[in-house]
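This report describes the fold, the packing and selected residues of the protein shown below. The account proceeds from individual residues to the overall architecture and the confidence of the model.

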Amino acid sequence: MEEIDPLKNPNRSNDDEELCRVCGYAAGPFFEGTWPSSAICSCCGWDPQTQPAGLDATRELRGYWIGHGAQWHSPKEQPGNWDLYAQIQDIPELWR
């Protein structure tokens with residue numbers, strides 16, 4: 001099966017770019033059109049300007065982050081009732 005390059009997919013929704021591709025946290029916008037913004041995810045620390053944005057790299061970063069305890073990049077912003085498993089359910093299907 002051929003892998004879709006989400007950055008070249010004309011059907012992708014700009015609404016999805018409000019959610020972090022790595023962890024699903026709503027801290028964007030991470031992209032403005034196809035250009036990465038200056039937003040850095042306060043949950044997992046993903047920076048679309050300096051870290052790879054493709055599907056394979058996103059999955060690798062997610063696995064690394066979760067495998068190392070899913071620590072918050074900005075712990076002061078972590079909600080008291082934070083649930084990793086509920087949050088990753090919000091990751092857009094295209095980025096799972």
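## Residues, core and confidence

Arg59 counts as partly exposed, because its relative accessibility of 40% falls between the limits of 20% for buried and 50% for exposed residues. Arg59 is placed in helix H1. The structure discussed here is a predicted model. In this model, the C-alpha atoms of Arg59 and Cys23 are 9.7 Å apart, although 36 residues separate the two in sequence.

Cys23 also belongs to the nonpolar core. The largest such core has 16 residues, and those touching the most other members are Cys20, Cys23, Cys41, Cys44 and Trp46. With residues up to four places away in sequence left out, Cys23 touches Cys41, Cys43, Cys44, Trp65, Gln87, Ile88 and Ile91. In soluble globular proteins, nonpolar side chains tend to be buried together.

Gln87, one of the residues touched by Cys23, is located in helix H2. Gln87 is buried, because its relative accessibility is 7%, and the cut-off for burial is under 20%. Beyond residues up to four places away in sequence, the contacts of Gln87 are with Cys23, Gly24, Tyr25, Cys43, Trp72 and Trp82. A further pairing across the sequence is that of Gln87 and Ala26: these residues are 61 positions apart along the chain, and their C-alpha atoms are separated by 9.2 Å.

The two C-alpha separations are set out below.

| Residue pair | Separation in sequence | C-alpha to C-alpha distance |
|---|---|---|
| Arg59 and Cys23 | 36 residues | 9.7 Å |
| Gln87 and Ala26 | 61 residues | 9.2 Å |

Which side chains meet in a salt bridge? Those of Glu17 and Arg21 do, with an N to O distance of 3.0 Å. The salt-bridge count for the model is one. The side chains of Glu17 and Arg21 are likewise joined by a polar contact of 3.0 Å. Is this pair buried or exposed? Both Glu17 and Arg21 are buried. Glu17 has a relative accessible area of 2%, so this residue meets the cut-off of under 20%. In sequence, Glu17 lies in the segment before strand S1, which spans residues 31-32.

Ala70 has a backbone feature of its own. The phi angle of Ala70 is near 50°, a positive value in a residue that is not glycine. Ala70 is found in the loop between helix H1, residues 55-67, and helix H2. Ala70 counts as buried because its relative accessibility is 6%.

At the level of the whole protein, there are two helices and two strands, and their order along the sequence is β-β-α-α. Of the 96 residues in the protein, 38% are buried. Among contacts with a separation of 6 or more, 45% are made by residues 24 or more positions apart. The exposed area of the protein is about 6,000 Å², of which carbon and sulfur atoms supply 50%.

The confidence of the prediction varies along the chain. The mean pLDDT of the protein is 82, and 83% of the residues score at least 70. Among the elements, helix H2 (residues 84-88) has the highest mean pLDDT, 96, and strand S2 (residues 35-36) the lowest, 74. Over residues 1-16 the pLDDT is below 50, and this stretch has 20 contacts in the model beyond near neighbours in sequence. Where pLDDT is low, the predicted coordinates should not be read in detail.

Key: Residues are numbered from 1 along each chain as its sequence is written. This is a predicted model: local features need pLDDT of at least 70, side-chain atom pairs count only at pLDDT 80 or more; totals for chains, interfaces and linings use all residues. Side-chain values use heavy atoms; hydrogens and water are left out. A nonpolar core is a set of buried Ala, Val, Leu, Ile, Met, Phe, Trp, Tyr and Cys residues joined through side-chain atoms within 4.5 Å. Buried means under 20% relative accessible area, exposed over 50%, partly exposed in between (1.4 Å probe, protein chains only). Contact means heavy atoms within 4.5 Å. A salt bridge is a side-chain nitrogen of Lys or Arg within 4 Å of a carboxyl oxygen of Asp or Glu. Helices (H or I, at least four residues) and strands (E, at least two) are DSSP runs, numbered from the N terminus. A polar contact is a pair of N or O atoms within 3.5 Å; within protein, one must be able to donate a hydrogen and the other to accept it, and residues adjacent in sequence count only if both atoms are side-chain atoms. pLDDT is the predictor's confidence in each residue, from 0 to 100. Accessible areas come from the Shrake-Rupley method with a 1.4 Å probe; for residues, only the protein chains shown count as cover.
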